[in-house]
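Thanks for passing this one along. Here are my notes, to be read with the structure open beside them.

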Amino acid sequence: MTDRPRIFSGMQPTGELHIGNYLGALREWVRIAETDQFDAIFSVVDAHATTVEYAPGQMREQTFETALTYMAAGLDPERVTLMVQADVPAHMELTWYLSTVTALGDLYRMTQFKEKSEEHRNNVNAGLFCYPVLMAADILVYKATVVPVGNDQVQHLELAREVARRFNARFGDVFPEPEARLTNTPRIRGLDGKAKMSKSRGNTISLFDEPAVIHKKLKGAFTDELKLRRGDPGRPEVCNVFTIHCAVTEADEVDRIERDCRSGALGCGECKERLGQRLVAELDPIRQRASELRGDRARVIEALRAGGARCQLLAEATMAEVRAAMGMSTRDMG
């Protein structure tokens, strides 16, 4: 047991993680873990990934690769709990109970449901619609009080807070209301400069890309469409390359890049080259650790099994309270 506040967060196993995942979330998780201020649980949320079409034969390996990436990026199973969502069925059980206190109108207002419905028009399913309730259950089943999220997930966390309030008002004080911990990293767009970074759109830099691949991808990255040649003044605020610089480059160097871009002294090609060097320096240790872990699969699997066993105990303790509060327990039948 621990008296530290509990954190929960997770990512879907939908393929190789990219710099958007890393800069927007994973790097912050590592920083949080290193403080030892929190009882941190980080999950591979595989049940969430079933809301879109996928190849069942690939799910297990993608789940493994996501967990491996967590560890390669610096999440130490000795300091945090790593687990796979589907290994703890209480997530799904609690989702059903929470759905009975979730307003239909709240789910219709979820921005991501509208976006996903557009993206997956041939598979707009009930799971996609109820996704935020499962996300609430992920958090509340461990009574997590802090949730590191990006701006795009704040609406879902607000719903989780509302669901906790409604459950407590109806059945008694069971759940704390989780608070958001926002990352300072600006939202990273894809290399096309328009859409969200996504492997399906082919606009990503993978955490495991070789240095030559990183530099090659950056050469075709979108910058400022009005800055056509060196000497033209640029607009860093509309340039995704500059946005990534803000996440990985030292502050004083970012200031120089912004100044020289606006004056025209810095060309886009040189700016991309500098970014490539920074990304290689940041990602190379992760790529090397991942290679080592692939040679020791048992280490990753053991971490997930140990984490799953711990989470099973935590979740079952919460569910015992939930069932008793809802009158669904035999404990007080006499």
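The points below go through the strands, the aromatic rings, the charges over rings and the cavities.

1. A word on the source before anything else. Please keep in mind that this is a predicted model. Every value in this note was computed from that model.

2. Let's start with strand β2, which covers residues 39-44. Six of its six residues are buried, so β2 is largely enclosed by the rest of the structure. If you look along the strand, D39, I41 and S43 point one way, while A40, F42 and V44 point the other way. Both sets are buried, so neither face of β2 is left open under the cut-off of under 20% relative accessible area.

3. What does β2 pair with? Strands β1 and β2 run parallel, and six bridges join them. One place to find this on screen is I7, whose bridge partner in β2 is A40.

4. Now for the rings. How many aromatic pairs does the model hold? The count comes to six. One of them is F8 with Y142, a stacked pair with 5.7 Å from centre to centre and 25° between the planes. This pair links distant parts of the chain: F8 belongs to strand β1 (residues 6-11), and Y142 sits in the loop between α6 (126-140) and β4 (146-149). The two are 134 residues apart. Both F8 and Y142 are buried.

5. A second pair to look at is Y108 with F129. Their ring centres are 4.9 Å apart and the planes meet at 55°, so this pair is tilted. It, too, links distant parts of the chain, with Y108 in helix α4 (residues 104-108) and F129 in helix α6, 21 residues apart. F129 has a relative accessible area of 12%, so it counts as buried.

6. There is also an aromatic cluster, made up of W29, F42 and Y70. You have met F42 already, as one of the buried residues of β2.

7. Which charged side chains sit over rings? R294 places its charged end over the ring of F208, 4.8 Å from the ring centre. R297 lies over the face of F64, with 3.9 Å to the ring centre.

8. On to the empty space. The model has three cavities of 30 Å³ or more, and the largest holds about 100 Å³. Its lining consists of 14 residues, and those nearest the centre are T223, C239, C261, C268 and C271. Helices α9 (240-248), α10 (251-263) and α11 (268-294) are the elements that each give two or more residues to this lining. The largest share, three residues, comes from α11. By class, the lining has nine nonpolar, two polar and three charged residues.

9. The second largest cavity contains about 70 Å³ of space. Around it you will find Q112, F113, K116, L128, Y131, P132 and H156. Two elements, α5 (111-119) and α6, give two or more residues each to this lining. Its residues divide into four nonpolar, two polar and one charged.

10. Finally, a suggestion for a second look at the picture: follow α6. This helix holds F129, one ring of the tilted pair with Y108, and α6 also gives two or more residues to the lining of the second largest cavity. The loop that carries Y142 lies between α6 and β4.

Definitions and conventions. Residues numbered from 1 in each chain as written. Predicted model: local features only at pLDDT ≥ 70, side-chain atom pairs only at ≥ 80, totals over all residues. Heavy atoms only, no water. Phe/Tyr/Trp six-rings, centres within 6.5 Å; stacked < 30°, edge-to-face > 60°. Helix = DSSP H or I, 4+ residues; strand = E, 2+ residues; numbered from the N terminus. Buried < 20%, exposed > 50% of the residue type's maximum accessible area, 1.4 Å probe, protein only. Lys NZ or Arg CZ within 6 Å of the ring centre and 35° of its normal. 1 Å grid on protein atoms, 1.4 Å probe; cavity = no way out; pocket = protein on both sides within 12 Å on 5 of 7 lines; lining within 4 Å. Points joined across faces, edges and corners; volume = space filled by probe spheres on them. Nonpolar A, V, L, I, M, F, W, Y, C, P; charged D, E, K, R; others polar. Pairing = 2+ DSSP bridges.
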